[in-house]
Amino acid sequence: MSSHSNPGRPVAYSKKLEKTVTAPGGTLTILQHLSLALFPGEALAILGASGSGKSTLLGLLAGLDLATAGEIRLFDQSLGSLDEDQRAGLRAGRVGFVFQSFQLLPGMTALENVMLPLELSHHPDPAAGAREALDQVGLVQRLGHYPSQLSGGEQQRVAIARAFATNPEILFADEPTGSLDQATGSHISDLLFRLREESGAALLLVTHDQQLAARCNRRLLLENGRLSSLT
Amino acid sequence: MNTLHFALRMFRRDWRNGELRLLALSLALAVAAVTAVGFFTERVQQAMVLQASEVLAADLVLSGHDAIPDRFARQAREMSLQTATTLGFPSVVMQGDRTRLVEIKAVSPEYPLRGELRVRAAPDLPEQRIRQTPSPGELWVGTQLLTELGLDTGDRLSLGEREFRISRIISRDSGDAANLFRLGPRVLMALEDIPSTALVTPASRVHHQLLVAGAPERVERYRLWAEDRLPRGGLSLSHMSNARPALRSALDRGGRFLGLAALAAVLMASAAVALSARRFVERQSDSSAILRCLGCSRGFILQTLLIRLSLLTLLASLAGVLFGYLSQFLLAGAIGDWFGPELPLPGMTPVVIGFGTGFATLFGFTLPSMLRLGSVPPLRVLRRDLGAPPANAWLAALSALAAIALLMLWQSGDMKLATAVMAGTLLTITLLLAAARLLIRLVTPLRHRGDSVWRYGLAGLARNPALTSLQLAGFGLGILALLLLAVVRVDLLNSWQRTIPEQAPNQFLINIQPREVQPLTRFLQQHGLENGGIHPMLRARLTRINAHTVSPDDYASDRARRLASREFNLSWSERLQADNRILSGQWWSPDQTDQPLFSVEQGVADELGIHLGDRLTFTLASVPIKGQVVSLRSVQWDSFRPNFFVIGTPGLLQNYPATYITSFYLPPGEEKRLAGLLQRFPSVTIIDVSTLMQQIREIIARGAVAVEFVFLFTLGAGMLVLYAGIQATREHRRQESAILRTLGLRRRPLLLAVSIEFVTLGVLAGLLASSCASLIGWYISTELLVLGYQFNPWLWAIGILGSGIGVGLAGTLATYPLVVKPPLETLRG
């Protein structure tokens, strides 16, 4: 487990962030002059309609993509000055992800999918760590199952186990209940927030689900490329 | 966890869920093809050389007009080699008052060291193989001599101061094939009888031979030893590589056939490797994106990938080498008796080449696309449309080219062949890809016609033109392999076998005097003995090339030294013989026939350093004959027609004394006709080459079996290419089938649409492949193997129909499980 950042300073931060893309009709501005700070242990929801740029913002803050202008800092490091490998190195073991489409590797069992980040962060016993993480999400009976043999809710539980396995400082969640029915979604949401509470990780949640967003400490609305506060 | 440990874990996971199986199988097949061919050709070529050695009756022969110094035999025995001695000279046998000039061959009891002697106890008794030589006091003679002198076995014959009993009729002496030009019929006798005949004195013109045979590496060591010690001018050394051109030509062609067959297999397997690697990259893109997300560097991803691929190559190559080794044993077991009881064991070189092929194939054909995995953007986890950036086309082409070039050189060891096949492959792939694009454009408008099933079927082709082109090119290559295997191979082998047609000339007549040309031609016509023309022949020595005096000491190679020291058979002609081909320069026109011009056979020109435009001086009885080289020719030596290294214009040569030579086909069992010919033309000498021809036919037959075996690998690789081609679109098809089923399309129309798509692909691939196969067959046949080639219309019929049905059926069957699978399972997948 890596050391936590200074509790007084944001773990993720952006200032005057801008993202434009070239589209057939010309240049399209997705995000403009967007400033944001995510503090340690905080749960922040970004709400917005489909296509509003929520996932783009999440990708930029996690260092998966580069901004067109402005500054982004992750763990006090300016992402603009890092190349892709350095950004990946910054994430290793300190960032967890949960996606709408689960993003489990189809060729690996549930256990192996969870072992993956542990193996990469030099965990002394990845199998034991993964088993423990799967136990926390109630899937210890399904260790040897492949994603195709699991239901949608079970796949997302595996993804959550994988996200928390390394005890990350930030969890980025992109519509974690978007592919699930209401009951399963609610169960997954409970699990996500319980594990976050226990681990103390900061959460950046991107969703259009008001109920899910309501469980966060702070909520922001992304509209026309700009953020406005809802709380 | 270190990179290696992680890579090993990933490899185990890849392997377990079948990610690597197709890749491994393709790779193993490529390696198996190369190693099986390597092991097998090594053994067969050794065996072929061994068989060809039969023509010399040894692996190596030292010969000269003086007795061979003892140290040569001593050294051979010290090197644990077998030796035998022969003595040859012309003499006269007498029976009563009748005499006949014969060629005596006196042999030691060990003769022959290679090959065999076959004899008959009486003219009407069957031929039998015999493991002994004539006993003292006995002579073995040919049918020709018996017929001419009216003798039978048991009769007595005088030779020198002794009388001998004719104990057997000799019908085959392997060692005789190498020495075609004799003055009279062959008589075989024991070497120890020679002193008692008092025929050989120090002044006699006797041909001495020391025959040597044994393990190849020892023979080679002995050859090197002997070559350094050959007395200049007095002694010559013959071994397989400089034996009869006709045999060498057959062996060379055999080697080329095998090399081509192996290349075809490797190229096919490489195509399968490239196709399956593409699928692997596609499937690995998600893993790479997630790994990047989880914090892995590009270097780490590439390192683990390289380790996994190297491990895969090692294991697949190992399996391929083992399979190759075992399969060559199966084949050797099946045809072993044809090569005699002991087929030599293979060496380790093919193992090294096998592993080298594995690595070269995998990395050459896949590295550029594999490297893309390191550049999969991590953002793919949020946006599925982002994949690995396309591979640099130049880098991919360069890498594949380098791999092909390396493989070709290893496989053929022949730059010309390697370049030709490489150019052919590139051309074929480019043609296939370009034609595929064009055909897709042509069928695209059709998708707006017909019913929904038809529309959906054709839409499948236009869905992803790049992928369809690749798939079409893959199918095209697979079908090409099958067509080459099924049709072109047979045509080529037939062409090869046709080089010695059933009725190829098997008798040569030499020493025909000018005045006998007309009556002999008539005689042959009257007896229905067709001949390929009567050619003048005069013997002269090459003394100068331009201003330079020719001396054996100028040349390093044994063959060149011999050519420089002996007399050439020259001929003159107005027209180029049918089995000759001008390689450079021009044959003389009718108005140039009185100018001093020469045409030289390319091989001899290369050996002696003769170039187009050089002025040659030959000397005949101290008279110089000067002329300029205006053309270099290739000669089809195994046509068994009289051929000449050097031909001059009639104006240059026809005023010199010459004899004539011709050849004709004598059906077996009609040897008695020769007696009539000899009675009518007593000075003419008959040379029987049927034994040599039989040996060449056997070499071709065995070579053909070997080639067929090697082509089986091409067949396997072709099937793999087809399979990989079908698998290439499987992922897309799985999604589409599920969506279409969900939207209410029933299984039957869906399967019908899929079969329309695959049958169309198959027909197009068949059309392209048949055309390429014809061109390749024609090129290989005419340009590389110098054989005639006939276009086979069945190629198109079989190619288009077979491919349409085969690809259609295979594609539909492979898609069937996707269609019957509940759509929910796929969509949830």
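Which residue in the turn between β4(A) and β5(A) has a positive phi? To answer, look at the predicted model and find the hairpin that β4(A) and β5(A) form. Two residues lie between the strands. The residue in question is A:F75, whose phi is about 50°. Most residues other than glycine have a negative phi. That makes this turn a good place to start.

Now follow the two strands of the hairpin. β4 of chain A covers residues 69–74 and pairs with β5(A) in the antiparallel sense. Two bridges hold this pairing. A:L74 stands opposite A:Q77 in β5(A). A:R73 stands opposite A:S78, also in β5(A).

The hairpin belongs to a wider sheet. Four strands of chain A make up an open sheet in the order β2-β1-β4-β5, with antiparallel pairing. Which strands are at its edges? They are β2 (26–38) and β5 (77–78) of chain A, each pairing on one side only. Inside the order, β1(A) and β4(A) are neighbours. Five bridges join β1(A) to β4(A), and these strands run antiparallel. A:S14 stands opposite A:I72 in β4(A). Strands of a sheet pair through backbone hydrogen bonds, either parallel or antiparallel.

Next, look for the helix against this sheet. Helix α1 of chain A, residues 54–61, packs on the sheet and touches β1 (12–23), β2 and β4 of chain A. Its direction makes about 60° with that of β2(A).

A charged pair also involves strand β1 of chain A. A:K19 forms a salt bridge with A:D65, with the closest N and O atoms 3.3 Å apart. Why does this pair tie together separate parts of the chain? A:K19 lies in strand β1 of chain A, while A:D65 lies in the loop between α1 and β4 of chain A, so the salt bridge links parts that are 46 residues apart in sequence. Over all chains, the count of salt bridges comes to 25.

Chain A has another sheet to explore. This open sheet has six strands, in the order β6-β7-β8-β3-β9-β10 (chain A). Its pairing is mixed. The edge strands are β6 (95–98) and β10 (226–229) of chain A, and each pairs on one side only. How are neighbouring strands turned against each other? On average the turn is 20°, direction ignored.

Go to the β10 edge. Strand β9 of chain A, residues 218–223, pairs with β10(A) in the antiparallel sense over four bridges. A:E223 stands opposite A:R226 in β10(A).

Helices lie on this sheet too. α1(A) lies across β3 (43–47), β7 (170–174), β8 (202–207) and β9 of chain A. It runs at about 155° to β8(A). So α1(A) touches strands of the four-stranded sheet and also lies across strands of the six-stranded one. Helix α6 of chain A, residues 182–199, packs on the six-stranded sheet as well, touching β3, β6, β7 and β8 of chain A. The direction of α6(A) makes about 160° with that of β8(A).

Two backbone details deserve a stop. A:F102 has a positive phi of about 65° although it is not a glycine. A:F102 sits in the loop between β6 and α3 (110–120) of chain A. In chain B, the peptide bond from B:Y111 to B:P112 is cis, with omega near -15°. B:P112 is in the loop between β3 (98–107) and β4 (117–120) of chain B. Most peptide bonds are trans.

Finally, see how the chains meet. How many residues of chain B are in contact with chain A? The number is 27, and they contact 34 residues of chain A. The area buried between the chains is about 2700 Å². Carbon and sulfur atoms give 58% of that area.

Charge plays a part in this interface. Six salt bridges are found across the interface of chain B and chain A. One of them joins the side chains of B:R16 and A:E112, at 2.6 Å from N to O. Nine residue pairs are in polar contact across the interface, both residues being at pLDDT 80 or more.

Which elements give two or more residues to the side of chain B that touches chain A? They are α1 (3–16), α7 (245–293) and α8 (298–335) of chain B. α7(B) gives the most, with six residues. By class, this side of chain B has 13 nonpolar, five polar and nine charged residues.

Notes: Residues numbered from 1 in each chain as written. Chains lettered and ligands numbered in written order. Predicted model: local features only at pLDDT ≥ 70, side-chain atom pairs only at ≥ 80, totals over all residues. Heavy atoms only, no water. Contact = heavy atoms within 4.5 Å. Buried area = accessible area lost by both parts, 1.4 Å probe. Salt bridge = Lys/Arg side-chain N within 4 Å of Asp/Glu carboxyl O. Polar contact = N/O pair within 3.5 Å; in protein donor to acceptor, adjacent residues only side chain to side chain. Nonpolar A, V, L, I, M, F, W, Y, C, P; charged D, E, K, R; others polar. Pairing = 2+ DSSP bridges. Axes fitted to C-alpha atoms, helices over the stretch in contact; angles between N-to-C directions.
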